[in-house]
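Trainee: Could you walk me through this one? I have not looked at it before.

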There are 2 protein chains.
Amino acid sequence: MPKPEGISDVEMADDVFSALAHPARRQILLSVHYRGTCKAGDIAHRFECSWPTTSRHLAKLVETGLLSVSKIGRERVYSANSELLSDVLRKWAGYFD
Amino acid sequence: MPKPEGISDVEMADDVFSALAHPARRQILLSVHYRGTCKAGDIAHRFECSWPTTSRHLAKLVETGLLSVSKIGRERVYSANSELLSDVLRKWAGYFD
DNA sequence: CTAGTAATTAGCGTACTTGCTAATTATCGA
DNA sequence: TCGATAATTAGCAAGTACGCTAATTACTAG
């Protein structure tokens, strides 16, 4: 269920566009979306930057609501809330029609 | 003519999403788009932050290609390249369908 | 030419972001 | 229980972003 309650559109835009501002986070989002779900390690190994750095990017994406995470054993499985993201992007695209 | 030659999609995304990351710049873009064109002074007076700060935001938006500017006398008239922006946003929205 | 207006550029301080390595937490397997 | 593995958190250094005021550029008008 994307779009948490009590978050205004303005705050949502701020969070989402801040999250998208970093190329690594855009790539992570694409990667998770296309793979369906993804373990933190899979993501970390696929990227050039260190695992802790990736971990922080993941945390930010979860905070923003663009990723969800569930803990399975000692692994964290991430999945993309793609609908939220595409809704926000299309809504903003619509402002400029 | 939005989308300058020789700029890859990746660079374009970087520029556009960086530009959109700041709330003042999103507001400026909306404001100019809805008004059609806008003088720098009109924009500066409408916002809370100082004119030089707004000026710097405008410069960044021009650099990114999201705004165009033409000099008329001592005034600068800005207009929005809205199609470029909505194209990029919709393209990215499409990646997450 | 001079005073005034439109706007940008210069320069500076603060705050945030992002990268790293080292340390820590939590879990699995033998 | 002990060692290895998955992942995050802590802490720090470097770079970038953004706000301001002061100075500068460029043009208009008298």
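Trainee: What are the classes of the residues at the surface near DNA strand C?
Mentor: By class, that surface near DNA strand C has 9 nonpolar, 6 polar and 6 charged residues. Here near means that the C-beta atom, placed from the backbone, lies within 6 Å of the strand, while Ala, Val, Leu, Ile, Met, Phe, Trp, Tyr, Cys and Pro count as nonpolar, Asp, Glu, Lys and Arg as charged, and the others, Gly among them, as polar. Keep in mind that this is a predicted model, in which local features need pLDDT of at least 70, side-chain atom pairs count only at pLDDT 80 or more, and totals for chains, interfaces and linings use all residues. Residues are numbered from 1 along each chain as its sequence is written, with chains lettered from A and ligands numbered from 1 in the order in which they are written.

Trainee: Which residues come nearest to strand C?
Mentor: Of the 21 residues around DNA strand C, Ser50(A), Gly73(A), Gly41(B), Pro52(B) and Ser55(B) come nearest.

Trainee: And which element gives the most there?
Mentor: H4(B) does, with 6 residues; helices are DSSP runs of H or I, at least four residues, and strands are runs of E, at least two, numbered from the N terminus.

Trainee: What about DNA strand D, which element has the largest share?
Mentor: H4(A) provides the largest share of the surface near DNA strand D, 6 residues, and that surface has 8 nonpolar, 6 polar and 6 charged residues.

Trainee: Changing topic, how many helices and strands are in chain A?
Mentor: Chain A has 5 helices and 3 strands, in the order α-α-β-α-α-β-β-α along the sequence.
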